[in-house]
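Subject: A structure for you to look at

Hi there,

Here is the structure I promised to pass on to you. Have a look at it first, and then read on for what turned up in it.

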Amino acid sequence: MPRNFLSAMNSRPLVFDGATGTMLQKFGLKPGGCPDELSLTNPDMVRKVHRAYMEAGADIVTTCTFGANEPKLKEYGLEHRLRDINIAAVLCARKEAGDRFVAGGLGPTGAFVEPVGGLSFDEAVGIFTAQAEALKQGGVDLYIIETMMDIKEMKAAIIGARSTGLPIVATMTFDETMRTVLGTPPESFAIMAASLGVAAIGANCSLGIEGIYKAIQAMSAVVDTPLIAQPNAGLPQLRGAETVFPASADEMAAWAERLALAGVRVLGGCCGTTPEHIKAMGDAFRAAHPSSPRKRSFTALSGRTAFTLFGGSLPAIVIGERINPTGKKLLAQEIKEGKTTAIRNTAREQVSAGALALDVNVGVPGMDETPAMRSAVFAVNENSSLPLVIDSSSPDAIRAGLKAVDGKPLINSISGEEKKLSTIMPLAKEFGAALLVLTLDDAGIPDTAEGRFKTAEAVLNRALKLGIRPEDLVIDCLAMTVSAAPSSAVETLKAIRLVKERLGLSTALGVSNISFGLPAREVINAAFLTMALEAGLDAAIINPNNKAMMDAYHSSLVLMNRDIRAERYIKRHQAAQATLAAPVAPVSTSSAPVDTGARLSKAIVEGDEENIVALVEQALKEGWDPLKISNNALIPGLEEVGRLFSSNRYYLPQVMLSADTMKKAFGRLKQEFAANKGPSAGRVLLATVEGDIHDIGKNIVATLLENHGFEVIDLGKNVPCERIIEEAVKNRVDVVGLSALMTTTVMEMDTVIKALKERGIKTATIVGGAVVTQEFAGKIGADEYGGDALSAIDKIKRLIAANLS
């Protein structure tokens, strides 16, 4: 009888296996080797792990292929054996699983997808497609994509694995702040993954079961997709020379009922969990009373670090319309020249004005929109956390935008026209986007509300056949010019009501079209917006910088009881009053430009790579000393980025963008220093310890150190203790920074620190990595615990200052 994962998941609770690495270590895996190769070199050890979990009652066993993708295997010179390793791993799992399910394990590549990193989206899709095809050839029943930190890499992995036709389970890893390393909250991930049609979504690793429960609760509030939880056995602790996960099997099992009630249909374990944990958790989970997912009737969009919900009974939102070159000569010229300064500034302005999503249109006559759309989406993503609306009539430009965007966007637009339905609607299905639907068809725009309703209904039926969910359609009933068609506003409002009442779909409207050709247009626009909101409008596409429109929007929400306790209205009013009460600065009669130092700092804070070198040049022409530029403008800008990061207003992508901007500025300043080298803030050696090949965190720290003026000696990963010692002595470093991600390699840090002390090498030490804690750092005698990347920079500065004092 064929195995059907989807049918099984919908009929009963399912139990995944637990940690593979923990068990392989128990059975003799030596640090530094490639665990994925064991299916070829020591299949009995791998089968022994699978057998233990099967005997514990697991319904699903995961192949030993977490790192069996091309970039990871390349670390060991094994990329040419990708197919063999994946197929062998499936055979090992299948021999022990029998008729139970085998999930093909897919893990991160170790690189970030552009623009945060250098891996292109298409390259990422290709990497995961190749591994997924090999796993399918071996005979897996489904895939589990796990421990992802980059939402865009997760999207690429889902699309790659989905191409094989097998079901997908997808999990990301979150820290105590309920964010991934790159700042993604559970809700943003869940919205994106659900839109791509995965079978189950959830969280794994990094947190104990209580933290995973919090992430699951957040996801269940925004999606109705089945959920999966795979917690660690608590947070790792150092006991003697051993790193252990403290949560017992009974402690983990005690959470099963709560997880089931939160919507979890599949339960398993991650780091530190054993067959004993899985047995206890599985027994409790199967006896629990699972909650049926609640149907979600709203539309959900997400960016990398934020999400937006509208429709159903939720308050209407504002979609900022200003990133559009129509009638804007400066913006059109910049787009033609491949620049994005105006786009970035406009994005920031609209966020400040209260927009909750941003429309991105780069349609300039006579030029190819495709590369411009890609650049514009990157620029807006880097300068705003809001979800995006990809606005174009070109399928190629839309595809480029969908590959570039973070999270789940809205496509603007399709209609009932066959050409749009056959070319753009499939793109929404492929990339998991929502669709804005114009109520017109090949016969034109219907004059009546009933005609526009019928167009919307026809598009809905077409979408359902393609597998697009109703909540991912947003209907634009079209605001026509009342000066030319006096009854058009009434018909538009009727159409909105019909769509809401009969179809239950979300609605949107480009409001300002209504007043074209009339004087005092914003008066008409504001009145019409109020009427449209009362009729059921869910998303107003307007200029959020227009006070009259935003006044109408916020006051309407209060009057419609969509702004609880009028909190948003009051907050906006208080902000406006504070602005009016602020002292007015005297108007300058000087023709001198705005302070160059402030502009340099602002460019670093905003990650303005495009203009930073020109600003440095300007400062030099004004007579600024290179050191003054660095110390009085650039470094303060980077320090402000640190403050924004600490207050959770910036996340790692913005930090890295600012660091790259700083690098360009320093690149120009180096030409001014003697011997092409500026003064050093100190010399730091960085290394991932022997046996560990993970270096993303270390690389981020290295980049930030260089941009804070430090000399960095980066030895890479899997570095033997003796080489660290030799290089520390040779380079006379001030600080040695050690990184480790795995519980099997953290004690190598202890080895290195002891060796440094025994040989009398006077250098400070700092340690970091996913499994490293403040307590662990103290126990092994490190001078500092790194924590996050920016905290590590501050601590290194303090260590060097202490050594100099």
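Strands β1 and β10 (residues 264–267) run parallel and are joined by two bridges. If you want to find the pairing by eye, start at Val 15, whose bridge partner in β10 is Leu 267. Please keep in mind that this is a predicted model.

Those two strands belong to a bigger arrangement: an open sheet of eight strands with parallel pairing, in the order β1-β10-β7-β6-β5-β4-β3-β2. Why do β1 and β2 each have one side without a neighbour in the sheet? Both β1 (14–15) and β2 (60–62) stand at an edge and have a single partner strand, so one side of each is left free of a neighbour. At the β2 end, have a look at helix α6 (residues 82–97) as well. Helix α6 lies across β2 and β3 (101–106), and runs at about 155° to β3.

Next, try helix α17 (residues 395–404). Which of its residues are buried? They are Ala 397, Ile 398, Ala 400, Gly 401, Leu 402 and Ala 404. Among the elements that cover these buried residues are three helices, α8 (151–162), α16 (369–383) and α19 (425–431), together with the strands β15 (388–391) and β16 (410–415).

Now for the empty spaces. The structure holds two cavities of 30 Å³ or more, and the largest has about 150 Å³ of space. This largest cavity is lined by 14 residues, and those closest to its centre are Ala 194, Val 222, Lys 408, Arg 469 and Glu 471. Helix α9 (residues 186–195) gives the most to that lining, with three residues. By class, the lining has six nonpolar, two polar and six charged residues.

There is also a pocket worth opening up on your screen. The second largest pocket has a volume of about 1,100 Å³, and 35 residues line it. Nearest its centre are Val 351, Ser 352, Gly 354, Ala 355 and Leu 386. Which elements give two or more residues to this lining? They are β12 (307–310), α15 (341–353), α16, α23 (547–559), α24 (567–581) and α25 (596–606). You have met α16 already, as part of what covers the buried residues of α17. The lining of this pocket has 15 nonpolar, 11 polar and nine charged residues.

Enjoy exploring, and write back with any questions!

Best wishes

Methods
Residues are numbered from 1 along each chain as its sequence is written. This is a predicted model: local features need pLDDT of at least 70, side-chain atom pairs count only at pLDDT 80 or more; totals for chains, interfaces and linings use all residues. Side-chain values use heavy atoms; hydrogens and water are left out. On a 1 Å grid over the protein atoms alone, a cavity is a set of points where a 1.4 Å probe fits but cannot get out, and a pocket is an open set with protein on both sides within 12 Å along at least five of seven lines; lining residues have an atom within 4 Å of a point. Grid points are joined across faces, edges and corners, and a volume is the space filled by probe spheres set on the points. Helices (H or I, at least four residues) and strands (E, at least two) are DSSP runs, numbered from the N terminus. Ala, Val, Leu, Ile, Met, Phe, Trp, Tyr, Cys and Pro count as nonpolar, Asp, Glu, Lys and Arg as charged, and the others, Gly among them, as polar. Two strands pair if DSSP finds at least two bridges between them. Contact means heavy atoms within 4.5 Å. Axes are lines fitted to C-alpha atoms, for helices over the stretch in contact, and angles run from 0 to 180 degrees between N-to-C directions. Buried means under 20% relative accessible area, exposed over 50%, partly exposed in between (1.4 Å probe, protein chains only).
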